[in-house]
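Here's a quick briefing to keep open next to the viewer. We'll go through the ligand site, then a few backbone oddities, then some helix packing.

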Amino acid sequence: MSLRCSGVRIFLMPYTLTTPLYYVNDRPHLGSTYTTLACDALARFQRLSNGSVVFVTGVDEHGQKIQRTAEQKQVSPQAHCDAISTTYRDLWKRWGISDDRFVRTTDPRHLQLVDQFYNRVKASGDIVSGRQTGWYCVGCEEYKDDPAEAESPTCSIHQKALEWRDEENLFFRLSRYQTAIEELVARDDFIAPASRRQEVRNFVNQGLRDFSISRVNVSWGLPVPDHPGHTFYVWFDALLGYLTALLDDGEPVSLERLASCGWPASVHVIGKDILRFHAVFWPAMCMSAGLPVPQKVFGHGFLTREGQKMGKSLGNVLDPELLLDRCGSDAVRWYLLRDIQFGDDGDFQQQRFVDLVNNDLANTIGNLLNRTSSMARKWFDDCVPPAGAATGSDHPLAIKSAACISTVMESMPKLAFKTAAEAILQLAIAANGHLNDTAPWSRMKEPGQEATVAEDLFAVLETTRLVGLLLAPLLPDLSERILAQLGMSLAADDWSNQLNWGRLSSGSALPKPTPVMQRLELDEPL
Ligand code: MSP
């Protein structure tokens, strides 16, 4: 994106956000769906409020974990990656994810980028040979420093035996970046939420050690150009996938172009387990390659189910495909974004899920719209009633709407989705309250009340319009149905103006109401 101004080229920085690049060892799970839905809400908000966005997602396809999975399935690693990558891509489409780039680390362009990056890091004097010994977890694709049991060490996350490694590797000289990384992680705007900062600072303060970036026993990886027999360590290659994604615009792959393609990222959104890679290793790699570091790393919490960790062995994994089929995107988005403070751990509880969706979306928001529009149609010729004094910014619902809009505008860029969702819900509750307090159904029976009934109905419909608009980043489908029920649609490039009070036009036709949100009835466990 660029503008020419008196012969000088000015680059307009888009808002660049990324999900992690998901391992294709298995099908997508609720954890990856959660991050992707949250990023989708943020991307939609940034597009509506600021314009230019690059939303990156994709898959991480190399490494021993994937090599072994393919071996177990007796298919080639490439065939395995193709199948699972397609599953991810298709699933994100079905959830309505608005990603701009879906990167695969087996894309030949990625290999070009990794070579260029490696050459820069090497030219900085940051690649050295060494011997790596230690306990390795293939599930985490990571060396473990403190195996609990020296005799038969086991990974605390995967509950699988760690494997002893002793091999020649190439190392990245992370230790050289001690001071620079200390300064970076000391900044209060780099790691979010605040609760995650200390853990990273403690890790950095212990002293950064060089880390190995090549493997000699893994064939399913990108070859290190000047070291035959070595492939790049999966994390070294995976992090670079973010850059490949940004350069995926049909132009040649070149690190020189990154500044005009959306780098540095505005935020990497990741789970808390991979914070160290993103907040320590990755910025140091960028510094070494002469690239700016990402602006922010947001580490969200983990989801459990009915209080238990989800896992195949427990048989309690929630399949995102099934969840989507049985409950729909709006319901799941609402529950995950409204019930869990993004950043904290959260628990998926089926009964709570059903209750929240039915109370908030079907009753509070859906019924509000349905009953108000039914009354307006009945008494005002199927149209939006005359607004009278209700367009004034001093109307009680106008004041509440303005407060809600400020809360949404402040909380969404901070990824405080729960705060935004609750504010929108409170606005709908206030509109219901106004309807109950003013009781148009009884006043309409009294003579001379038509004009004030019209005002009240207008004000409530107008509030519902704002609820629909404000929901656009969080629940895009429900938002569309609410606006359609008011005879309107989202003008994506005019969102901020549309959020002004009083834009509903009196006399415009109101379509016949249909429920905008079906109640969830789940008799069986999901
Ligand atoms: N491939 C690496 C990321 C490389 S990014 C350059 C990876 N992939 S992963 O598929 O294992 O994990 C992807 C994300 O899912 C991580 O952010 C992880 O934290 C998240 N989650 C995995 N299980 C989760 C939950 N139960 N709940 C929430 N998120 C979870 O790591």
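How do the residues of the shell around the ligand divide into nonpolar, polar and charged? The split is 12 nonpolar, 6 polar and 2 charged. Bear in mind that this is a predicted model, so treat what follows as a read-out of computed coordinates.

**Ligand site**

- There are 20 residues around the ligand, and the ones that come nearest are Leu21, Asp60, Gly271, Asp273 and Leu303.
- Asp60 makes its approach through the side chain: an N or O atom there is 2.8 Å from a nitrogen atom of the ligand.
- With Gly271 it's the backbone that counts, as one of its N or O atoms sits 2.8 Å from an oxygen atom of the ligand.
- Leu303 also uses a backbone N or O atom, placed 2.9 Å from a nitrogen atom of the ligand.
- On its own the ligand has 670 Å² of accessible area, and the protein covers 90% of that.
- Which elements give two or more residues to the shell around the ligand? They are strand 3 (15–23), helix 7 (234–246) and strand 13 (267–271).

**Backbone oddities**

- As a baseline, most peptide bonds are trans, and most residues other than glycine have a negative phi.
- One exception is the peptide bond from Ala192 to Pro193, which is cis with omega near -10°. Look for Pro193 in the loop between strand 9 (191–192) and helix 6 (197–205).
- Another cis peptide bond runs from Trp263 to Pro264, this time with omega near 10°. Pro264 belongs to the loop that links helix 7 and strand 13, and both of those elements give two or more residues to the ligand shell.
- Glu141 isn't a glycine, yet its phi is positive, near 50°. You'll find Glu141 in the loop between strand 6 (127–137) and strand 7 (142–144).

**Helix packing**

- What is the angle at which the axes of helix 1 (residues 30–50) and helix 3 (residues 77–94) cross? They cross at roughly 50° and come within 12 Å. Helix 1 and helix 3 are therefore oblique to each other, and their crossing is right-handed.
- Helix 13 (residues 417–438) and helix 15 (residues 450–470) have axes that come within 10 Å and cross at roughly 170°. So helix 13 is roughly antiparallel to helix 15, and helix 13 passes helix 15 in a left-handed crossing.
- Helix 15 also packs with helix 16 (residues 476–485), at an angle of about 155° and with the axes 8 Å apart. That makes helix 15 roughly antiparallel to helix 16 as well, and the crossing of helix 15 and helix 16 is left-handed.

Terms used
Residues are numbered from 1 along each chain as its sequence is written. This is a predicted model: local features need pLDDT of at least 70, side-chain atom pairs count only at pLDDT 80 or more; totals for chains, interfaces and linings use all residues. Side-chain values use heavy atoms; hydrogens and water are left out. A residue is near a molecule or strand if one of its heavy atoms lies within 4 Å of it. A polar contact is a pair of N or O atoms within 3.5 Å; within protein, one must be able to donate a hydrogen and the other to accept it, and residues adjacent in sequence count only if both atoms are side-chain atoms. Accessible areas come from the Shrake-Rupley method with a 1.4 Å probe; for residues, only the protein chains shown count as cover. Helices (H or I, at least four residues) and strands (E, at least two) are DSSP runs, numbered from the N terminus. Ala, Val, Leu, Ile, Met, Phe, Trp, Tyr, Cys and Pro count as nonpolar, Asp, Glu, Lys and Arg as charged, and the others, Gly among them, as polar. Axes are lines fitted to C-alpha atoms, for helices over the stretch in contact, and angles run from 0 to 180 degrees between N-to-C directions. Angles under 35 degrees count as roughly parallel, over 145 as roughly antiparallel, 65 to 115 as roughly perpendicular and the rest as oblique. A crossing is left-handed if the near helix is turned anticlockwise from the far one by less than a right angle, and right-handed if clockwise.
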